[in-house]
Amino acid sequence: MVSNIDIENLVTDIRFQNLKFRQEKTNIFTIVGQTHTEHWHSSFMSWLLDSHSSLRLGHFPLARLLTMYMIKKPDCGFTLRDIYRWNLDAVSFVTEKDATHDGKKRSIDVYGESSELVIVIENKVNARENYNHSNQGQTLDYYHYVESHKTSGQRALYFFITADEKQTAYADMYVQISYQEMYDGIISKCIDHPQVSDDGRYLLEQYAANLRETIHNSNTPMALVNINLCKELYDDYTEVLDEIFETVERTENICESIEPVCMVYEHYRSIFDEIYLSVDEKYGRTPKTLLQRQVINFTELYRRGAVTANMHFTMKYDGEIYHARTVLSDNRRECFFQVLDENQRPFRDERTGEIIGVYESSSSAGVDAINLRREKKGISGRIKTLRGTTYWINDDGFSVKDLIEQHRG
């Protein structure tokens, strides 16, 4: 059991106080009530990617975006050498570009164009893709519009940027990028860039703070922007943070609890929640507010080329070996993680004969597989959490976590 001194050491740690300061720092987006308005996010994105913006970073942000596209779509037909050969400074960006086509009134959220490139960005924060009373989504309408208007010398690149990593575009030619990836791969790199203007850094930091706000009608932040700081704290105070989480989770009314760990959690609730959300291998959720971190699912890993159909995985736990594989949906657009029995065959419902044991998350799959085998063997005690991203290993020796990191962009 942790002591009061252990708790005091945590909350007085300069990193804990730094996290507190970052959370309490004034955010201009919150002040004007525009935390997650899609048009505001699109306008910011247009400014971020514009080589002539007040950031003074030239085409650095745009080059990072194109590099993410190249990594996520290995068959894209261009290389890093091509990216730096293009005249990216000539790409001009606008928002709400008119894309009326075949009688359908459409507008592209962010549109960039030069004599070499056409960049189409569909930006989704709260809403789902609009089908406009037809059987095809707006992303396909944008594709038809651009392909019918671009010149023979222009290469068109399509992006689907979303706060929900499970949401994908109707049209297959779009590359999905989450706001977490936008922060990790572009925004944070611009903040740390030695040539960024003071005003530009301030706006980027304000926008990053805004990304931490939860999405309307959701309990999920658009992106976590203090992950490294949170993980440092967790690594140094693992025992304290684990006990706080477990005690708070099982305490029915923490507001009335006299437990020191409950009292300190209630006082610094938002800080602890951000730490638990950031430590996705252990938690990725909070003990009371039902917040959950967006995770990269197997459909996204499949779209990135990180996993293929029927990729085999094994997990060793308590001296036992478990098996799983990736499986595709009938339309081959979605990918899932399927646990297998001791003979490496799918589990089936005893009554209906239907295949069961198919998951979006390797952690949930691992927990259920272990508990099922324990139950069959009469072993008491069930596990509640598992770092499935590190326990499941493919035949090449890479964990799910390794595959995520290798293809993060």
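**Cavities, pockets and charge pairs in a predicted model**

Tyr-322, His-323, Val-339, Leu-340, Asp-341, Glu-342, Phe-347, Ala-369, Leu-372, Arg-373, Lys-376 and Trp-392 line the largest cavity. Here a cavity is a set of points, on a 1 Å grid over the protein atoms alone, where a 1.4 Å probe fits but cannot get out, and a lining residue is one with an atom within 4 Å of a point. The elements that give two or more residues to this lining are β7 (320-328), β8 (335-340) and α15 (362-376). Of these, α15 gives the most, with 4 residues. Helices here are DSSP runs of H or I with at least four residues, strands are runs of E with at least two, and both are numbered from the N terminus. Sorted by class, the lining of the largest cavity has 7 nonpolar, 1 polar and 4 charged residues. For that sorting, Ala, Val, Leu, Ile, Met, Phe, Trp, Tyr, Cys and Pro go down as nonpolar, Asp, Glu, Lys and Arg as charged, and the others, Gly among them, as polar. The volume of the largest cavity is about 90 Å³, a volume being the space filled by probe spheres set on grid points that are joined across faces, edges and corners. Overall, the count is 2 cavities of 30 Å³ or more.

A few ground rules apply. This is a predicted model, so local features need pLDDT of at least 70 and side-chain atom pairs count only at pLDDT 80 or more, while totals for chains, interfaces and linings use all residues. Residues are numbered from 1 along each chain as its sequence is written, and side-chain values use heavy atoms, with hydrogens and water left out. As for pLDDT itself, the predictor's confidence in each residue from 0 to 100, the protein chain averages 86, and 90% of the residues score at least 70. Confidence bottoms out in helix α3 (residues 28-31), with a mean of 60, and peaks in strand β2 (residues 107-113), at 95.

Back to empty space, this time the open kind. A pocket is an open set of grid points with protein on both sides within 12 Å along at least five of seven lines. The second largest pocket comes in at about 270 Å³. Its lining is made up of 14 residues, and Lys-73, Asp-172, Tyr-174, Arg-303 and Arg-304 are the ones nearest its centre. Two or more lining residues come from each of β5 (175-178) and α14 (298-304), and α14 gives the most, with 4 residues. By class, 9 charged residues sit in the lining of the second largest pocket, along with 4 nonpolar and 1 polar.

One of the residues nearest that pocket's centre, Arg-304, also shows up in a long-range pairing. Its C-alpha is 7.5 Å from that of Ile-71, although the two are 233 residues apart in sequence. Ile-71 belongs to helix α5 (residues 60-72) and is partly exposed, at a relative accessible area of 31%. The cut-offs are under 20% relative accessible area for buried, over 50% for exposed and in between for partly exposed (1.4 Å probe, protein chains only). Phe-44, in helix α4 (residues 38-49), is buried at 9%. Its C-alpha is 9.9 Å from that of Val-110, 66 residues away along the chain.

Next, the charge pairs. Counting a salt bridge as a side-chain nitrogen of Lys or Arg within 4 Å of a carboxyl oxygen of Asp or Glu, the total comes to 19 salt bridges. Glu-342 and Arg-373, which both line the largest cavity, form one at 3.8 Å, N to O. Glu-342 is in the loop between β8 and β9 (347-348) and Arg-373 is in helix α15, so this pair ties together parts 31 residues apart in sequence. Glu-342 is partly exposed at 45% relative accessibility, whereas Arg-373 is buried at 9%. Salt bridges with shared partners also join Asp-13, Arg-15, Glu-232 and Asp-236 into one network.

Arg-269 pairs with Glu-266, with 3.1 Å between the closest N and O atoms; Arg-269 is partly exposed at 25%, as is Glu-266 at 30%. Glu-147 and Lys-150 form a salt bridge at 3.6 Å, N to O.

Finally, the cysteines. With a disulfide taken as a pair of cysteine sulfur atoms within 2.5 Å, a search of the whole structure turns up 0. Cys-230 is buried at 0% relative accessibility, and Cys-335 is buried at 2%.
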